[in-house]
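Here's a quick briefing to read with the structure open beside you. Grab your viewer and follow along.

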Amino acid sequence: MTASKRIALSSDHAAIELRQAVAKHIAANGWEVEDIGPTSPESTHYPKHGEAAARLVASGDCGLGIVLCGTGQGIMMAANKVKGIRCGVCSDTFSAAMIRQHNNANMLSIGARVVGEGLALEIVDAFLNANFEGGRHATRVEMIEALEG
């Protein structure tokens, strides 16, 4: 399978169950899942998990990434510190599609304590099924990339 069909998937301890449901869902829809854990419920630090998934995406090993924590915010912030990553936290399907269509996001973040499993899977589908529209949005994405230095 090509890197573009590989998805890096990670979470902190608060989102293990939802991450596993997401992994099963996207695999059933033809994506190769690179689930980098964690697997035990002991408290763990979301920045290391956000960074690890982001590095797989930034390196090109995975085409996209999905990260989860309690709110989705902290792990998203960590992922966005990796050069080349555009990760947005979404709790609705419209935003999930738009971060791909307008911002060419390569990572999605979800809060396991914010949305239930059914909505989370719909958000994932909206993100994965959307495509970057380019055009005027490409200029804006270039402006974001320029901020990385």
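Is N104 buried, exposed or partly exposed? With a relative accessible area of 25%, N104 comes out as partly exposed, because buried would need under 20% and exposed over 50%. Keep in mind that this is a predicted model. The rest of the tour goes from backbone oddities to the strands and then the cores.

**Backbone oddities**

- As a rule, most residues other than glycine have a negative phi, and most peptide bonds are trans.
- N104 goes against the phi habit: its phi is near 50 degrees, a positive value in a non-glycine residue.
- You'll find N104 in the loop that links helix 4 and strand 5.
- The bond from G37 to P38 is a cis peptide, with omega near 15 degrees.
- P38 sits in a loop too, the one between strand 2 and helix 2 (46–58).

**Strands 1 and 2**

- Strand 1 pairs with strand 2 (residues 32–35) in the parallel sense, over 4 bridges.
- If you want a spot to check by eye, look at L9, which stands opposite D35 of strand 2.
- Put helix 1 together with these two strands and you get a right-handed β-α-β unit.

**S109 in strand 5**

- S109 belongs to strand 5, which spans residues 107–111.
- Its relative accessibility is 0%, so S109 counts as buried.
- Leaving out residues up to four places away in sequence, S109 touches V67, G72, I75, M76, C87, G88, V89 and C90.
- In a regular strand, side chains alternate between the two faces of the sheet.

**The nonpolar cores**

- The largest nonpolar core has 27 residues, and L108 and I110 are the ones with the most contacts inside it.
- Elements giving two or more residues to this core are strand 1 (6–11), helix 1 (16–28), strand 3 (64–69), helix 4 (93–101), strand 5 and helix 5 (117–129).
- Helix 5 is the top contributor to this largest core, with 7 residues.
- I110 has plenty to show in the viewer: not counting residues up to four places away in sequence, I110 touches L18, V67, L68, C69, T71, G72, C90, V115, A120, I123 and V124.
- Apart from the largest core lies another one, of 15 residues, including A8, V82, I85 and C87.
- C87 has already come up, as one of the residues that S109 touches.
- V67, G72 and C90 are among the contacts of S109, and V67, G72 and C90 are also among those of I110.

How values were computed
Residues are numbered from 1 along each chain as its sequence is written. This is a predicted model: local features need pLDDT of at least 70, side-chain atom pairs count only at pLDDT 80 or more; totals for chains, interfaces and linings use all residues. Side-chain values use heavy atoms; hydrogens and water are left out. Buried means under 20% relative accessible area, exposed over 50%, partly exposed in between (1.4 Å probe, protein chains only). Contact means heavy atoms within 4.5 Å. A nonpolar core is a set of buried Ala, Val, Leu, Ile, Met, Phe, Trp, Tyr and Cys residues joined through side-chain atoms within 4.5 Å. Two strands pair if DSSP finds at least two bridges between them. A crossover is right-handed if, with the strands pointing away from the viewer, the path from the first strand over the helix to the second runs clockwise.
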